[in-house]
Amino acid sequence: MAYTPFRGTLEIGATVISRPQPDLALLNVGRRDLGFDKGFPSVIDPVSAGGGPVPIVKLNDQHAFVSPDDPTALPVGTQVRVGISHPCTTLDKWRVLLVTDDDYNVIDTAATIF
């Protein structure tokens, strides 16, 4: 049987709220919203100029610090999708998750009895 790697299915939506310097973007999510027990999460959409995730380099309670490789990427107001590193501490933070279809239309909810 062929090995199929795990594929992330839990994403957190966020917005770029500040670009205080060319190599830094701040998101409106932080430790209160995102699990970080297996490393910092990453911005998975939009992707970097190189085609990969954009790293989150620091988290405080309410903000994620992103280090984009392109100074024009992620302008203020950009909506992003953040992929988590591990679900446990993310599920601890949310009582209800929104279930979406492939176009991000909310189609259901799921209680996180964790």
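**Exercises on strands, pockets and backbone angles**

Leucine 24 counts as buried because its relative accessibility is 15%. Buried means under 20% relative accessible area, exposed means over 50%, and partly exposed is in between, with a 1.4 Å probe and protein chains only.

The model is predicted, so local features need pLDDT of at least 70 and side-chain atom pairs count only at pLDDT 80 or more, while totals for chains, interfaces and linings use all residues. Residues are numbered from 1 along each chain as its sequence is written, and side-chain values use heavy atoms, without hydrogens and water.

**Exercise 1**

Find the strand that holds leucine 24 and describe the surroundings of this residue.

Solution.
- Step 1. Leucine 24 belongs to strand β2, residues 24-27. A strand is a DSSP run of E with at least two residues, and strands are numbered from the N terminus.
- Step 2. Once neighbours within four places in sequence are set aside, leucine 24 has contacts with Ser18, Arg19, Phe65, Val66 and Pro68. Contact means heavy atoms within 4.5 Å.
- Step 3. On one side of β2, Leu24 and Leu26 are buried, and on the other side Ala25 and Leu27 are buried, which leaves both faces covered.
- Step 4. For a distance along the model, take alanine 110: its C-alpha atom is 34 Å from that of leucine 24, and the two residues are 86 apart along the chain.

**Exercise 2**

Which strands pair with β2, and in what sense?

Solution.
- Step 1. Strands of a sheet pair through backbone hydrogen bonds, either parallel or antiparallel. Here, two strands pair if DSSP finds at least two bridges between them.
- Step 2. β2 and strand β1 (residues 11-21) are antiparallel and share three bridges. Serine 18 has leucine 26 of β2 as its bridge partner.
- Step 3. The two residues between β1 and β2 make this pair a hairpin.
- Step 4. Strand β5 (residues 64-66) is also antiparallel to β2, again with three bridges. Alanine 25 has valine 66 of β5 as its bridge partner.
- Step 5. These pairs are part of a barrel that six strands close in the order β1-β2-β5-β4-β3-β6, with antiparallel pairing. From one strand to the next, the twist averages 45°, where axes are lines fitted to C-alpha atoms and angles run from 0 to 180 degrees between N-to-C directions.

**Exercise 3**

Describe the largest pocket and the second largest pocket by volume and lining.

Solution.
- Step 1. Rolling a probe the size of a water molecule over the atoms shows where empty space is left. On a 1 Å grid over the protein atoms alone, a pocket is an open set of points with protein on both sides within 12 Å along at least five of seven lines, the probe is 1.4 Å, and lining residues have an atom within 4 Å of a point.
- Step 2. The volume of the largest pocket is about 670 Å³, and that of the second largest is about 170 Å³. A volume is the space filled by probe spheres set on the points, which are joined across faces, edges and corners.
- Step 3. The largest pocket has 19 lining residues, and Thr9, Glu11, Leu98, Thr100 and Tyr104 lie nearest its centre. Among the strands, β7 gives the most to this lining, namely five residues.
- Step 4. By type, the lining of the largest pocket has 10 nonpolar, four polar and five charged residues. Ala, Val, Leu, Ile, Met, Phe, Trp, Tyr, Cys and Pro count as nonpolar, Asp, Glu, Lys and Arg as charged, and the others, Gly among them, as polar.
- Step 5. Residues that line the second largest pocket include Gly8, His86 and Leu91. This lining has four nonpolar, five polar and no charged residues.

**Exercise 4**

Where is tyrosine 104, and what is its phi?

Solution.
- Step 1. Most residues other than glycine have a negative phi, and most peptide bonds are trans.
- Step 2. Tyrosine 104 is in the loop between β7 and β8, and its phi is positive, near 65°. With a relative accessible area of 43%, tyrosine 104 is partly exposed.
- Step 3. Five bridges join β7 and β8 (residues 106-111) in the antiparallel sense, and leucine 98 stands opposite threonine 109.
- Step 4. Leucine 74 also has a positive phi, about 55°. Leucine 74 sits in the loop between β5 and β6 and is buried, with a relative accessible area of 6%.
- Step 5. For the peptide bonds, look at aspartate 45 and proline 46: the bond from one to the other is cis, with omega near 5°. Proline 46 is in the loop between β3 and β4.

Terms used
Helices (H or I, at least four residues) and strands (E, at least two) are DSSP runs, numbered from the N terminus.
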